[in-house]
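Biologist: Please show me the model. I would like to ask how its terms are used.

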Amino acid sequence: MKKLSNYIDGQLIPPVNKSYINNYNPSNGKPYSLTPDSCFQDVKLASKAAKKAFKNWSEQKKEFRYAWMMKLAKAIDDNSKNLIVAESRDNGKPEWLAEQVDIPRCSENFRFFATAMLHFESKCHNMNNDALNYTLKKPVGVAGCISPWNLPLYLLTWKIAPAIAAGNTVIAKPSEVTPYTAYLFSKICAKINFPKGVINIVHGLGKTAGSSVVKYSDIISFTGGTETGRVVATSAAKDFKKCSLELGGKNPTVVFNDCDFESTIDIAIKSGFLNQGQICLCGSRIFIEESIYTKFRTAFVKKAKNVLVGDPKNPNNNLGAIVSEEHLNKIISKINLAKRDGGKILCGGDRLFLKGKLSGGYYLKPTVIEGLDYKHEINQEEIFGPVVTLIPFNREKDLIKMCNSTKYGLSASIFSNNVSKAHRVAAKIDAGVIWVNTWLLRDLRIPFGGVKHSGLGREGGFYSLEFFTESKNVCIKIENGVNK
Ligand code: NAD
């Protein structure tokens with residue numbers, strides 16, 4: 001089996017302890033490559049390389065960094081076919097999705113932050129012409145970038161790009177569940193001779209490699225589960241390291257009776273099930289105004305039953321495989337819990353076994369559940385799979401209470417043709433990102449992130465560049481020449 005390498009100081013190298021983890025193809029359940037099971041020694045090497053590279057990289061003109069990042073973006077585009085196939089094979093997502101969303105976003109991330117950095121401003125505060133304060137923006141040092149498996153290279157580059165644009169150097173740790181495209185990315189960096197030590201990629205488990213990245217970095221950008229985020233934040237806090245956390249969600253989709261019915265159904269289906277429901281922004285609790293509840297349920301379930309699940313390589317399939325057997329079993333255990341407590345499964349609910357070569361793959365049909373109280377665990381905890389619940393509401397007040405009843409607060413979507421109502425409800429829902437009559441419409445400049453247990457801080461545009469820099473104020477007293 002193919003052994004993947006770490007990428008440290010511009011070199012593709014094996015892990016120090018020569019130990020590896022099996023990497024599985026979720027579409028058929030078979031292992032197909034070996035991921036370095038790196039330990040603290042590998043991270044230490046990466047940290048040493050990143051520290052050494054920092055001086056030169058951070059002191060270069062921003063145009064220098066811009067030019068390298070644009071070169072990297074082009075190299076990603078030149079290798080996009082390989083990356084698309086690899087991302088789908090590693091994650092189980094349909095190839096068409098990797099082609100339309102994941103891989104184009106990787107190069108876009110580098111272009112976006114390379115150019116954003118050229119426009120990043122320092123402020124000046126003039127004190128009645130007696131003094132001038134100007135604020136310098138300084139890179140922090142070595143940035144630890146830790147990412148999850150659901151949008152593997154997309155999210156990893158979303159962290160690496162602003163970190164290096166701002167002049168930091170990086171130790172990146174991709175998810176051990178989906179390491180392959182990060183490995184291909186490191187090969188691309190090596191091939192174009194990207195300045196060595198600026199980007200280092202260390203593969204491995206969270207408890208070993210991941211925790212070491214937190215220890216050996218100066219600033220941490222983490223995306224993943226809420227409980228892991230708590231461990232990362234606790235560890236980072238001991239040394240007062242700046243920490244950005246993008247965590248889990250249990251996002252409400254709110255359907256008012258004055259919505260544009262057909263398009264709302266289409267968007268709610270997409271928001272519930274895209275990427276097998278494994279997007280932190282997926283709308284997994286659908287609140288429907290009582291007067292259209294039955295009509296909505298009938299149309300929604302009909303459409304959910306028509307969602308095609310199967311071979312990720314087949315462009316006709318809407319959904320591919322769940323990322324791992326462990327995760328599939330976790331989702332199924334949640335569905336069983338719903339059944340046990342009286343939840344009605346309107347469609348889906350069981351593992352789907354395909355025939356032939358894909359018989360060992362991890363497939364699950366879109367699952368729609370109704371009849372559970374909004375306080376039930378199924379409506380409170382993130383499932384992170386193709387599972388949604390339907391909940392009726394009457395009064396706006398009750399709706400808001402139910403929406404805000406979870407510990408999460410990442411995103412929400414509201415469907416209504418009454419702008420005032422949508423505006424009013426948007427203001428009251430606890431979430432960092434709200435969509436009205438749409439979902440997942442992303443502008444990379446906006447502040448992106450969650451409230452409550454969904455995260456800390458904001459990513460995107462200048463918010464990311466702010467995070468990856470320290471502000472340093474210089475106050476200059478001006479000699480007032482008027483009376484001289
Ligand atoms: P996870 O928390 O299990 O792992 C995320 C990353 O953290 C992996 O690289 C893992 O190896 C690493 N890690 C694990 N333990 C660690 C430790 N002790 N120290 C340092 N690193 C450690 O999450 P996952 O299962 O890969 O991803 C799914 C979760 O990610 C979901 O909860 C989802 O909502 C969340 N997510 C959030 C966003 C967002 O923007 N808010 C985006 C995507 C995914």
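Modeller: Start with a definition: a polar contact is a pair of N or O atoms within 3.5 Å; within protein, one must be able to donate a hydrogen and the other to accept it, and residues adjacent in sequence count only if both atoms are side-chain atoms. This is a predicted model: local features need pLDDT of at least 70, side-chain atom pairs count only at pLDDT 80 or more, and totals for chains, interfaces and linings use all residues. Residues are numbered from 1 along each chain as its sequence is written, and side-chain values use heavy atoms, without hydrogens and water.

Biologist: What makes Gly-224 a polar contact of the ligand?

Modeller: A backbone N or O atom of Gly-224 lies 3.3 Å from a ligand oxygen atom. The limit is 3.5 Å, so the pair counts. For Glu-382, a polar side-chain atom lies 2.5 Å from an oxygen atom of the ligand.

Biologist: How much of the ligand does the protein bury?

Modeller: Alone, the ligand exposes 840 Å², and the protein buries 87% of that (Shrake-Rupley method, 1.4 Å probe).

Biologist: Why is the ligand said to lie between domain 1 and domain 2?

Modeller: Domain 1 (2-247 + 450-472) and domain 2 (252-436) both give residues to the shell around the ligand, so the ligand lies between them. The bounds come from an automatic or database domain assignment.

Biologist: How do you know that S20 and S21 pair?

Modeller: Pairing needs at least two bridges found by DSSP. Strand S20 (residues 411-415) and S21 have four, in the parallel sense. Strands are DSSP runs (E, at least two residues), numbered from the N terminus. Ser-411 stands opposite Val-433 in S21.
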